[in-house]
Amino acid sequence: MTPDQKINSIVIVGGGTAGWLTAGIIAAEHSANGTAINDLVDVQITLVESPDVPTIGVGEGTWPSMKSTLQKMGISETDLIRECDASFKQGTLFNGWKTGGNDAYTHPFTPPHSYASTNLAPQWQKFRNEVAFADAVSSQNALMFQGLAPKQISTPEYAFNANYGYHLDAGKFAELLRKHCVDKLGITHLKANVIAINSSADGDIESLQTDTEGHIAGDLFVDCSGSKALLLGEHFEIPFCSRSQFLFNDTALASQVPYTNSDDPIASSTLSTAQTSGWIWDIGLPTRRGIGHVYSSAHTTEDRASEELLAYIKATVSAEAASTTSIRKVAFNPGHRAKFWHKNCVAVGMSAGFIEPLEASALVLVELSAAMIAEQLPANRQVMDLVAKRFNAKFLYRWDRIIDFLKLHYILSQRQDSDYWKDNIAASSIPESLSELIDLWRWQSPWHRDTGHIDEMFPSASFQYVLYGMGFETQSSTTVRRSDREADSAAAGLFRENAERTQKLLASMPTNRELIDKITTYGLQKI
Amino acid sequence: MSNYVLLNNSAHKDLRVITTRSESYGDNVMHAMTFPIEFRDVQSSYPIFFCKDSESGQFYPAALFGLEQNQNLFLTEGGWDASYIPMMIKRHPFLIGYQTDPEHVGGKKPVVSIDMDNPRINDSEGEPLFSDNGEATDYLKESISMLEAIHHGHEHNKGFVETLLEHDLLEAFTLEVVLNDGSKNQLTGFYTIAEQKLHELEGDTFAMLNKRGYLQAIFMAVASHSRLRPLVEKRNALIL
């Protein structure tokens, strides 16, 4: 491509949730659906999808960011709930992570009360034996433990009383996105297998040769082909960086489990229950639960992992429902590519990397990647290299922060019942950036300026929830600070406000199931 | 709590209904559902807004009587001080219910129920329901025709609200009322006609709204806003 070649045509390879989300996010910003405004042209977006490759149902949990992502694309939340078997998720509820016993804590999506101005963590430390951190500072903790919804039927689409994301059926979600992208956003959908990649003299991808649709030319190619990374991995041979030295889990046993009764409660958080060599996810959709065991194959066998999974399932549903369970095994290499944007090709989704779904980071990374491509879409080929450099720096940083944050869950555990938990606290398995933070937090609690970037994936509030949920202790300050004194005088009032708000929400929020049923019947209002 | 039973002229032959308006009979309500068929009368006394049913989230038009929950500024010691009382208030203690119609497969037939726990009901005071020979009194006949109007009003409201939403003609509305004593009341959870959108409508849409009988209702709802000021004045008059 010549340096002044305009970027007018984007080709996305792969039609899973990553491909369609990327297509929709870019189109929401760039596509005027074929109508040229003055002499400005529309960016043309084509998605080519193999008719033969089944999509992998990863990422059944989203972050709250999905609300605005879908809203910008013009998708109705009522349609999402009805068509994608979706329910509301308010965060993650961790069971057995601390001691392996009956301990439980939450990482809610809503930051602590008054978090913009007051750090309640040091104030809470004084009452740490009387009240759980998340309960003292957030009203969402109680909603999560009681399976209540984050909003009411009269709350408009995408608005909320407590912040939320979704649990959804990834296959149905990709289908909803596809329909919307093709019918409303003017995206061209081609079903064909890519059989060769044609390069220009400078090494850029010029076009894709397909079996049934001929050559598909483009200015920018987005690799959403999944873990095989057809363009970035197979074609450009960008190396893969394994991160298994930090995060051991590399195998998942996934199952879909029916409810015992069709009106059983739907949990309004992802349940994560620690096991001897991994953990079990439990995601409540309206019609079924997605339950899976993600574990370290170096620490346990498939048989043992499968036994633990079945024991979990049998303890939560009837024997009859449990007996219908079939288990699917997915092996993965935890880690990411050495870079994500190379020449005129950028990888989004599993082609960029994959890691255990402990904090449901897969779909949010797709959203963030696509949003940056959409926002920073290079004007021409020359400037693309600069955008690529910045994109790579940003997402390498993000992968490092995700790894730090996931690892945090493991190193705070008191579990010593297996080599898995012992190995997890070995110094060699802890990223230096994380051990430094832990040393810091022994003396001061996480707070706004801890984080390096303004658009950090995990804000300091998330670190507070996990640290104090897991029982971590921060020493109280030995010197007098003005901000401490101010927080001290405000704290009692803020704790009381939070308690009052909690009681109000507990009295007025329907259960997750009740709300989903009402949305199915009446729909949510747009205003 | 309510206890609705089907009305019949033997079990209920001696019942009477007190039609006096007062707090003790549950008239201290802030707003009540209304219907385009009565908008002309309603807008002469009350502001008409739209609110959401808490059970279904569905919109319906409502006549506003007060500025906070359980406050009806039209209630005085002498009764309800307005020239018109909305049907959904006047209907008490009756309710229109639906039974399977034996003459039409899948059909529903409206039937009249009465709330036996309603404090208006007794056997000595107020309007009788049946004459000595068991025939409905004029009071009951009027009540029944009102229930029928309410039945049609519900159906009409559904189409009315759907059409308003389809054309983005509703918008959220927050009213901050500063009373003479400086205290503030904030009305939230109410919606109103989006006038800007209304003025931008194409001629075809106006014609459609007119044909369906919605256009007049829309403008009467807009005009009813002028009843807000008298309502606030009534509230101010209560300040000592």
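The following questions and answers walk through a predicted model, beginning with its domains and ending where two chains touch.

Me: In the domain assignment of chain A, how far apart are the centres of domain 1 and domain 2?
Reply: The assignment for chain A gives domain 1 as 9–60 + 169–241 + 335–400, domain 2 as 112–163 + 411–508, and domain 3 as 251–331. When the centres of domain 1 and domain 2 of chain A are taken over C-alpha atoms, the separation is 36 Å.

Me: Are helix α1 and helix α2 of chain A roughly parallel, roughly perpendicular or oblique to each other?
Reply: Helix α1 (residues 17–30) and helix α2 (residues 65–73) of chain A pack with their axes 9 Å apart, at an angle of about 55°. Angles of 65 to 115 degrees count as roughly perpendicular and those under 35 as roughly parallel. An angle of about 55° falls in neither class, and therefore α1(A) and α2(A) are oblique.

Me: Which residues of α2(A) meet α1(A), and how do the residues of this contact divide by class?
Reply: From α1(A) come A:G24, A:I25 and A:A28, and they meet A:T69, A:K72 and A:M73 in α2(A). By class, the residues of this contact are three nonpolar, two polar and one charged.

Me: Which strands are the edge strands of the seven-stranded open sheet in chain A?
Reply: The sheet is open and its pairing is mixed, with the strands in the order β5-β4-β14-β15-β16-β13-β17. From one strand to the next, the twist averages 20°. The strands that each pair on one side only are the edge strands of chain A, namely β5 (104–108) and β17 (327–331).

Me: Which residue in β15(A) stands opposite A:S272?
Reply: Strand β14 (residues 270–274) and strand β15 (residues 278–284) of chain A pair over four bridges in the antiparallel sense. In β15(A), the residue opposite A:S272 is A:W281.

Me: What angle does the direction of helix α15 of chain A make with that of β5(A)?
Reply: Helix α9 (residues 302–316) of chain A lies across β13, β14, β15, β16 and β17 of chain A, and runs at about 150° to β16(A). Helix α15 (residues 460–469) of chain A also packs on the sheet, where α15 touches β4 and β5 of chain A. The direction of α15 makes with that of β5(A) an angle of about 180°.

Me: Which strand of chain B gives the largest share of the side that touches chain A?
Reply: Ten residues of chain B are in contact with seven residues of chain A. The chain B side has four nonpolar, four polar and two charged residues. The largest share of that side, three residues, comes from strand β12 (residues 170–178) of chain B.

Notes
Residues are numbered from 1 along each chain as its sequence is written. Chains are lettered from A and ligands numbered from 1 in the order in which they are written. This is a predicted model: local features need pLDDT of at least 70, side-chain atom pairs count only at pLDDT 80 or more; totals for chains, interfaces and linings use all residues. Axes are lines fitted to C-alpha atoms, for helices over the stretch in contact, and angles run from 0 to 180 degrees between N-to-C directions. Helices (H or I, at least four residues) and strands (E, at least two) are DSSP runs, numbered from the N terminus. Angles under 35 degrees count as roughly parallel, over 145 as roughly antiparallel, 65 to 115 as roughly perpendicular and the rest as oblique. Two residues are in contact if their C-beta atoms, placed from the backbone, lie within 7 Å. Ala, Val, Leu, Ile, Met, Phe, Trp, Tyr, Cys and Pro count as nonpolar, Asp, Glu, Lys and Arg as charged, and the others, Gly among them, as polar. Domain bounds come from an automatic or database domain assignment. Two strands pair if DSSP finds at least two bridges between them.
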